[in-house]
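Hi there,

Here is the structure I promised to pass on. Have a look at it first, and my notes follow underneath.

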Amino acid sequence: MKNRMLVSACLLGINCKYNNENNKNDILLNKLSQLNPEVIIPVCPEQLGGLPTPRTPVEIVSGTGLDVLDSRGIVRSETGIDVSEMFRKGAIEVLKIAKFTNCNCALLKDKSPSCGVNLVYDGTFNHQVKPGSGVCASLLKKNGIKIFSETDVLD
Ligand code: SF4
């Protein structure tokens, strides 16, 4: 069976990052075309959660991605605004898209508080990372969707 794949939209060149830019990487796109999935669905959970672009950078400041889903963790902006509810909403919307389009896997941007697969920023806003997954990545994984990051593909 061929893969049906969600992809973090910023990896595909969509300007949905907090600074209105993207994370397009031609080597990654080349690898992606070699993987030759049956379908690629671009998603940005932060936009789907209702956050604007551009937006203030945010990090998971308390708990894990799963904790945020269970309302036990907090995602906050650098300026102190709690955006946990928008992160939960964005993750749920992405899961709906995954189910509607029958996606079985997701290629997600590592280190993001939404999309991070293996690493997330550590909540200090000092460009430091720690092991863990973002809010949307955690929800997809919990629902049986195989998640992997751009570094997993490029290694
Ligand atoms: Fe990219 Fe995900 Fe951040 Fe959207 S939420 S900009 S798709 S890493």
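A good place to begin is strand β1 (residues 4-8), which runs parallel to β5 and pairs with it over 3 bridges. Please keep in mind that this is a predicted model. Within that pairing, Met5 has Cys105 of β5 as its bridge partner. β5 also pairs with strand β8 (residues 146-149), again in the parallel sense, over 4 bridges. There, Leu108 stands opposite Ser149 in β8.

β5 is covered on both faces: Cys105 and Leu107 are buried on one side, and Ala106 and Leu108 are buried on the other.

That brings me to the nonpolar cores. The largest one has 27 residues, and the members that touch the most others are Leu6, Val75, Leu108, Val135 and Leu140. Two or more residues each come from β2 (39-43), β3 (58-62), α3 (65-69), α4 (84-100), β5 and α5 (135-142). Another core, of 9 residues, lies apart from this one and includes Met5, Leu28, Leu107 and Val153.

To see the surroundings of Leu6, leave aside its neighbours within four places in sequence: its contacts include Ile41, Val43, Val94, Ile97 and Ala98. Cys103, Cys105, Ala106, Leu107 and Leu140 are also among the contacts of Leu6.

Now for the residue you may enjoy most, Asp110. Where is it? Asp110 sits in the loop between β5 (105-108) and β6 (119-121). Asp110 is buried but has no salt bridge, and the nearest side chain of opposite charge, that of Lys109, is 7.2 Å away. What does the side chain of Asp110 reach? One partner is the backbone nitrogen of Asn118, at 2.8 Å. The backbone nitrogen of Leu119 is 3.1 Å from a polar atom of the Asp110 side chain. Beyond its neighbours within four places in sequence, Asp110 is in contact with Gly116, Val117, Asn118 and Leu119, as well as Ser149, Glu150 and Thr151.

Finally, a look at helix α5, where Leu139 lies. Is Leu139 buried or exposed? Leu139 counts as buried, because its relative accessibility is 10% and the cut-off for buried is under 20%. Outside its neighbours within four places in sequence, Leu139 is in contact with Leu69, Ala91, Ile92 and Leu95. Leu139 and Arg88 are 51 residues apart in sequence, while their C-alpha atoms are 9.0 Å apart in space.

Happy browsing, and best wishes!

Conventions:
Residues are numbered from 1 along each chain as its sequence is written. This is a predicted model: local features need pLDDT of at least 70, side-chain atom pairs count only at pLDDT 80 or more; totals for chains, interfaces and linings use all residues. Side-chain values use heavy atoms; hydrogens and water are left out. Buried means under 20% relative accessible area, exposed over 50%, partly exposed in between (1.4 Å probe, protein chains only). Lys and Arg count as positive and Asp and Glu as negative; His and the chain ends are not counted. A salt bridge is a side-chain nitrogen of Lys or Arg within 4 Å of a carboxyl oxygen of Asp or Glu. A polar contact is a pair of N or O atoms within 3.5 Å; within protein, one must be able to donate a hydrogen and the other to accept it, and residues adjacent in sequence count only if both atoms are side-chain atoms. Contact means heavy atoms within 4.5 Å. Two strands pair if DSSP finds at least two bridges between them. A nonpolar core is a set of buried Ala, Val, Leu, Ile, Met, Phe, Trp, Tyr and Cys residues joined through side-chain atoms within 4.5 Å.
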